[in-house]
Amino acid sequence: MRRHSVFAHAVAAAAVLAVLTGCAGGGETEAAGNNEDERFIEGDGSSSSFAPEEREPAPEVSGETLDGDQVSLADYQGDVLVMNIWASWCGPCRGEKPVLGEVYEEYQDDGLEFLGVNIKDDRTAAKAFAKNYEVEYPSLYDQPGNVPQAFRETVPPKAIPSTLVIDREGRIAARVIGPATYNQLTELVEPVLDEEGGNGGGSDPA
């Protein structure tokens, strides 16, 4: 009887540890619904940048924003674009939104644009999220998740949030798989802004 009790406690402790490990990062998050194909994986926050000669053209992406406007990546030709994939039900997405807003506000005068991509979400919930976090840039409403699939050679389609930096020629210059930090994102963005003569900083040069 005593041996059975010890075993039961051990199983319970292992179950608790598994739950805590999943919450710590790298675990699965489910979108609305319980379908297996709607599970998303939280990235580890790793980032990569690509030299100009190594960059691949970004796929052609277009669609309707949360506000009903038409937008495409081609609209941003000539600007450096940060494209962020997010959802209102994604906890790490909530955590990184202030960072994205700060970088957008600081660098937009240098030719930096932002475009969100809202996936696997309810439009009403997504619009409420954008309003609550005072998101100033538009977001494509991509309920099926077609945009992440189009970029599957660069970022895992089920990793959320994910962020891509696209250069002025429409090529993929950098990526972050998971929530981005301020220092991480600015270090990826500034060299791309500098390639075309931008000052690369959020303040006036001395």
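**Surface charge, buried contacts and a salt-bridge network**

A patch of negative charge on the surface is formed by E102, E105, E134 and E136. The model examined here is a predicted one. Of the residues in this patch, E105 belongs to helix α2, which spans residues 91–107. With a relative accessibility of 56%, E105 is classed as exposed, because the threshold for that class is over 50%.

The overall architecture may be described next. The protein contains 5 helices and 10 strands. Its chain comprises 206 residues, of which 43% are buried. The accessible surface of the protein amounts to about 11,100 Å², and carbon and sulfur atoms account for 49% of this area. When contacts between residues at least 6 apart in sequence are considered, 68% of them connect residues at least 24 apart.

Salt bridges were then examined. Side chains of opposite charge can pair when their charged atoms come close. A search of the whole structure identifies 5 salt bridges. In one of them, the side chains of D167 and R55 meet at 2.9 Å, N to O. D167 is located in the loop between β9 and β10, whereas R55 is in the loop between β3 (46–49) and β4 (62–64), so this pair ties together parts of the chain that are 112 residues apart in sequence. Both D167 and R55 are buried. For R55, the relative accessible area is 9%.

A second partner of R55 is E195, with the two side chains meeting in a salt bridge at 2.6 Å, N to O. This pair likewise links distant parts of the chain, as R55 lies in the loop between β3 and β4 and E195 in the segment after α5, 140 residues away. E195 is partly exposed, its relative accessible area being 36%, whereas R55 is buried.

A further salt bridge joins the side chains of R171 and E169, at 3.8 Å, N to O. R171 has a relative accessibility of 19% and is therefore counted as buried, the limit for that class being under 20%. E169, by contrast, is partly exposed, with a relative accessible area of 49%. Through salt bridges that share partners, R55, D167, E169, R171 and E195 are joined into one network.

The surroundings of D167 were considered in further detail. The loop that holds D167 runs between β9 (162–166) and β10 (172–177). At 3% relative accessibility, D167 is counted as buried. Apart from neighbours within four places in sequence, the residues in contact with D167 are R55, D79, A173, V192 and E195. R55 and E195 thus appear among the contacts of D167, and these two residues also form a salt bridge with each other. In addition, the C-alpha atoms of D167 and P52 are separated by 9.0 Å, although the two residues are 115 places apart along the chain.

Helix α5, which precedes the segment containing E195, provides two further buried positions. This helix covers residues 182–194 and includes Q184. The relative accessibility of Q184 is 14%, and the residue is accordingly classed as buried. With neighbours within four places in sequence set aside, Q184 is in contact with G45, S46, S47, V176 and P179. T186 also lies in helix α5. A relative accessibility of 6% places T186 in the buried class. Not counting residues up to four places away in sequence, T186 touches V103, Y107 and P191.

Finally, R123 was examined as a residue of helix α3, which extends over residues 123–132. R123 is partly exposed, with a relative accessible area of 28%. Beyond neighbours within four places in sequence, contacts of R123 are made with E64, T65, L66, G68 and Y141. One of these residues, T65, is 58 residues from R123 in sequence, and the C-alpha atoms of the pair are 9.9 Å apart in space.

Technical notes
Residues are numbered from 1 along each chain as its sequence is written. This is a predicted model: local features need pLDDT of at least 70, side-chain atom pairs count only at pLDDT 80 or more; totals for chains, interfaces and linings use all residues. Side-chain values use heavy atoms; hydrogens and water are left out. Patches are made of residues with over 30% relative accessible area and no salt bridge: like charges are joined within 9 Å, nonpolar side chains (Val, Leu, Ile, Met, Phe, Trp, Tyr) within 5 Å. Accessible areas come from the Shrake-Rupley method with a 1.4 Å probe; for residues, only the protein chains shown count as cover. A salt bridge is a side-chain nitrogen of Lys or Arg within 4 Å of a carboxyl oxygen of Asp or Glu. Lys and Arg count as positive and Asp and Glu as negative; His and the chain ends are not counted. The place of a charge is taken as NZ of Lys, CZ of Arg, CG of Asp or CD of Glu. Helices (H or I, at least four residues) and strands (E, at least two) are DSSP runs, numbered from the N terminus. Buried means under 20% relative accessible area, exposed over 50%, partly exposed in between (1.4 Å probe, protein chains only). Contact means heavy atoms within 4.5 Å.
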